[in-house]
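Subject: Structure handover

Hi there,

Here is the structure I promised to pass on to you. Have a look at it first, and my notes follow below.

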Amino acid sequence: MIYKRSSALFAEAEKVIPGGVNSPVRAFKGVGGTPIFVKEAKGAYLYDEDGNRLIDYINSWGPMILGHAYKPVVDAVVEKAKKGTSFGMPTEIETKIAELAVSMVPNIDKIRFVNSGTEACMSAVRLARGFTGKDKIIKFAGCYHGHSDAFLIQAGSGASTFGTPNSPGVTQGTAKDTLLANYNDIDNVKALIQANKGEIACIIIEPVAGNMGCIPPKSGFLESLRVLCDDNNILLVFDEVMTGFRLAKGGAQELYNIKADIVCFGKVIGGGLPVGAFAARDEIMSYLAPLGPVYQAGTLSGNPLAMAAGLAMLEALDGEENVFTRLAEKTEYLHKGISKVLTKNEIKHTINRVGSMISVHFDENEVCDFDTAANGNNDTFKAFFHGLLNEGVYIAPSAFETWFITDALTYEDLDFTINAIDKLAKQI
Ligand code: PMP
């Protein structure tokens, strides 16, 4: 594949945008090379500025669950745009999407829309602190909850890829209120609660971690967290920015049958426009301004274009009985196919998968937390990434990321991908 124009565009971008990108994960720093500039996308495919077609396994890092340029979403946005793009006043569509979201997700009565997953998680933690009157939070190493200060402590995703899981610029005062636990290690959480009795407002977790590759919760882990939270007056915050409206209509809460106190959303809920949201039962949401004392606001929150895209996306997911099963089946097919060809070619690997989230770790041992995930961030991954790219298959340019499967992928696309891996496995 030729990436001449992408390289030239990147060189131009670097002159005026730090690192040439508006979000670090887009840079190829972890794998080497220059990022690909997209011209357009349709269904399961990206078309870049050099005229290459790539099968897309990132899908805008999750939102395009039904494929790029999904017609109902595009039509909804175009129609809305003709009527004005922002008012800073209430609109009916905000209530419509809120009603639909509340009907799809268990254990929530009210939802507040924001503009990103970062805002959703940041606001959820503030609300948890306001509601409980406590300051400290527990997060898990390798989990990413956006780039607000309290979360840039052993953060996953780009923060890990670029070696800055604890970002400079986060004050010690902020950092000291974020306690760090190991994913899937309930004894570690218990010890932290014990050592900080009566001080912890919430535990925030990706119920299926997706920012250190895909890491499922071990059996009983989420249940035990729930019990610990109940016993210690701590709120359980599920960051479902990746898992929400992807693993099931009701996200991880539904899949694992665990009740969270506050749930954060992003990605799918906006259908590809900048939307995040956080939601909880009435008692908690009543603490939020203008009803309660916890302040949170946004000029563009509930923006009509964003709401139109989100509503069209949620309606599509709500109206289709089998979409989540179909996604899981496609992902399982891919999992089995990749595993077979890697095994045949004697490449050590572990594949983790939950629903339509999957990642290939180049280590034979179980990958269940940040340390074990880091073992697979190696030269094999880099060769794998570039080999796939050369075959026209685009996966995330970092081992600390999940692949997001879209329903637009056909079994021919999956077979093509598996065959491409078979071919390149012989070389790596
Ligand atoms: N939480 C999780 C689990 C995420 O994966 C992300 C983004 N990858 C965020 C929060 C932050 O969302 P955003 O990038 O929209 O701010």
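Let me start with the ligand in this predicted model. The residues around the ligand are S116, G117, T118, Y144, H145, G146, E206, N211, D239, V241, M242 and K267. Sorted by class, this shell holds 6 polar, 3 nonpolar and 3 charged residues.

Since you will probably want the polar contacts, here are some of them. A polar atom in the side chain of T118 sits 2.5 Å from an oxygen atom of the ligand. For G117 it is the backbone that takes part, with an N or O atom 2.9 Å from a ligand oxygen. Y144 also uses a polar backbone atom, which is 3.3 Å from a nitrogen atom of the ligand. As for cover, the ligand taken alone exposes 390 Å², and the protein buries 82% of that area.

You may also like the second largest pocket, which has a volume of about 550 Å³. It is lined by 25 residues, and E94, R112, F113, S301 and G302 are the closest to its centre. Which elements give two or more residues to this lining? They are the helix α3 (92-104) and the strand β4 (110-114). The largest share, 4 residues, belongs to α3. In terms of class, the lining of this pocket is made up of 12 nonpolar, 10 polar and 3 charged residues.

On to the aromatic rings. The model has 13 aromatic pairs. One of them is F131 with Y287, an edge-to-face pair whose centres are 5.0 Å apart and whose planes meet at 75 degrees. This pair links distant parts of the chain, as the two residues are 156 positions apart: F131 belongs to helix α4 (residues 117-132), while Y287 is in the loop between α10 (282-285) and α11 (304-319).

That loop between α10 and α11 also contains P290, and the peptide bond joining A289 to P290 is cis, with omega at about 10 degrees. Another backbone detail is at S60, where phi is positive, about 60 degrees, although the residue is not a glycine. S60 is located in the loop between β3 (53-56) and α2 (71-81). Both details caught my eye because most peptide bonds are trans and most residues other than glycine have a negative phi.

That is everything from my side for now. Happy to talk it through whenever suits you.

Best wishes

Terms used
Residues are numbered from 1 along each chain as its sequence is written. This is a predicted model: local features need pLDDT of at least 70, side-chain atom pairs count only at pLDDT 80 or more; totals for chains, interfaces and linings use all residues. Side-chain values use heavy atoms; hydrogens and water are left out. A residue is near a molecule or strand if one of its heavy atoms lies within 4 Å of it. A polar contact is a pair of N or O atoms within 3.5 Å; within protein, one must be able to donate a hydrogen and the other to accept it, and residues adjacent in sequence count only if both atoms are side-chain atoms. Accessible areas come from the Shrake-Rupley method with a 1.4 Å probe; for residues, only the protein chains shown count as cover. Ala, Val, Leu, Ile, Met, Phe, Trp, Tyr, Cys and Pro count as nonpolar, Asp, Glu, Lys and Arg as charged, and the others, Gly among them, as polar. On a 1 Å grid over the protein atoms alone, a cavity is a set of points where a 1.4 Å probe fits but cannot get out, and a pocket is an open set with protein on both sides within 12 Å along at least five of seven lines; lining residues have an atom within 4 Å of a point. Grid points are joined across faces, edges and corners, and a volume is the space filled by probe spheres set on the points. Rings of Phe, Tyr and Trp (its six-membered ring) pair if their centres lie within 6.5 Å; planes under 30 degrees apart count as stacked, over 60 as edge-to-face and the rest as tilted.
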